[in-house]
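Welcome! Take a moment to look over the sequence and the 3D view, and then let us walk through them together.

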Amino acid sequence: MHTLRKAPMASPLFRELSVVVLLNEVETDDGIAVPAGSRGTIVDVYGDGTSYEVEFAKPVVGNATVRAQALRAL
């Protein structure tokens, strides 16, 4: 007998509270530039991990929505 199985969900590349480094410059939600190389913390995961809300403390304070391709794990 055939059993219907759910397809496994893709897990995000980064989990909430992961520390990441920017590979490209991005702008915060307030329009302030955050330079490449800045460290931040994942505070929300969008979709299946296609983008993330990242909180920065320095050199700029603020949050930015960042695509997964623009981040790497620390």
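What pattern does the chain follow when you read along the sequence? The pattern is β-β-β-β-β-β-β. In other words, the chain has seven strands and zero helices. Please keep in mind that you are looking at a predicted model.

A good place to begin is strand S4, which covers residues 39-46. On one hand, S4 is joined to strand S1, made of residues 19-22, by three bridges. These two strands run antiparallel, and you can find Val-20 standing opposite Gly-40 of S4.

On the other hand, S4 is also joined to strand S5, residues 51-56, and here the bridges number six. This pair runs antiparallel as well. To locate the pairing in your view, look for Asp-44, which stands opposite Glu-53 in S5.

Now follow the chain from S4 into S5. Together the two strands form a hairpin, with four residues between them. Pause at Gly-47 in this hairpin, where phi takes a positive value near 60°.

Finally, step back and consider the chain as a whole. It has 74 residues, and 31% of them are buried. If you take the contacts between residues at least 6 apart in sequence, 43% of those contacts join residues at least 24 apart. As for the outside, the accessible surface of the chain comes to about 5,300 Å². Carbon and sulfur atoms account for 53% of that surface.

Notes. Residues are numbered from 1 along each chain as its sequence is written. This is a predicted model: local features need pLDDT of at least 70, side-chain atom pairs count only at pLDDT 80 or more; totals for chains, interfaces and linings use all residues. Side-chain values use heavy atoms; hydrogens and water are left out. Two strands pair if DSSP finds at least two bridges between them. Buried means under 20% relative accessible area, exposed over 50%, partly exposed in between (1.4 Å probe, protein chains only). Contact means heavy atoms within 4.5 Å. Accessible areas come from the Shrake-Rupley method with a 1.4 Å probe; for residues, only the protein chains shown count as cover.
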